[in-house]
Amino acid sequence: MVPTQCGGCGEPGTDWCGDCARTLTDSPVRLEPRVEIGVAAWALGRYRGTYRSTLIAMKEHGRRDLIGPLGGALARGIVTLSQWGEIPDGDTLTLVPAPTRASAARRRGGDPVAAIARASADRLGRRVAVADALATSARARDSAGLDARARVANLSDAVYVRRRFVPSSRIVAGPVLLVDDILTTGATAAQSCRVLAAHDLHVSTVVVIAGA
Ligand SMILES: [Zn+2]
């Protein structure tokens with residue numbers, strides 16, 4: 001028998017404890033990434049403590065059950081940012097998950113960022129949609145362990161818009177949010193925004209679970 005443990009703090013007897021749930025209701029924080037993205041980037045919290053341990057449990061230890069709580073936290077963060085005027089008003093809102101290298105996603109049992117985005121959209125109602133429009137070509141290596149400049153070079157021309165989203169009118173009109181799990185240098189977000197803009201999709205805000 002595998003004992004039940006909180007995915008955030010390891011407390012036995014629960015999958016997700018009240019303390020960790022409360023931590024993920026922190027107000028969003030504005031990030032200052034080293035790589036210029038061109039739009040504001042926000043995180044639900046800093047990549048440490050509960051945020052870090054929860055993301056590691058989900059991504060590295062197969063805790064897919066944490067996608068629900070993380071999607072709920074992202075949904076609350078989006079509502080807060082809308083109330084602050086950091087997300088433009090619109091009839092619809094489209095969440096575009098940042099790209100995950102296909103083989104990395106397979107190894108982790110499906111793209112967790114897209115799953116978090118869908119869990120978030122489910123909570124936000126039918127005016128919020130997920131457009132899984134971005135992918136990376138096989139040339140992009142996993143960026144773990146690369147410094148900022150290497151990450152930019154590694155991603156150069158490797159992020160692309162999936163064919164079924166071209167032309168971009170296939171993505172509903174209205175504000176577009178780029179969502180990711182972690183923002184470190186900002187290189188992935190910057191490249192993603194550039195590639196989307198080339199297809200006339202202008203990201204208004206970047207929102208991530210945790211910022212470095
Ligand atoms: Zn906990």
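Me: What makes an atom a donor of the zinc ion?
Reply: Donors are N, O and S atoms within 2.8 Å of the metal (3.2 Å for Na, K and Ca), and water is not among the atoms, so sites may look incomplete. The model is predicted: local features need pLDDT of at least 70, side-chain atom pairs count only at pLDDT 80 or more, and totals for chains, interfaces and linings use all residues. Residues are numbered from 1 along each chain as its sequence is written, and side-chain values use heavy atoms, without hydrogens and water.

Me: Which protein atoms are donors of the zinc ion, and what spacing do the donors follow?
Reply: The SG atoms of C6, C9, C17 and C20 lie 2.3 Å from the zinc ion, which is within the 2.8 Å limit, so they count as donors. Along the chain their spacing is C-x2-C-x7-C-x2-C.

Me: Why is the arrangement around the zinc ion called tetrahedral?
Reply: Four donors count as tetrahedral if all angles lie between 85 and 135 degrees. The four donor atoms here subtend angles of 107 to 114°, therefore the arrangement is tetrahedral. Ideal angles for four tetrahedral donors are 109.5 degrees.

Me: Why is C20 called buried, and why is C9 called partly exposed?
Reply: Buried means under 20% relative accessible area, exposed over 50%, and partly exposed in between (1.4 Å probe, protein chains only). C20 has a relative accessible area of 2%, so C20 is buried. C9 has 47%, so C9 is partly exposed.

How values were computed
Tetrahedral: all angles 85-135°; square planar, octahedral: opposite > 155°, others 65-115°.
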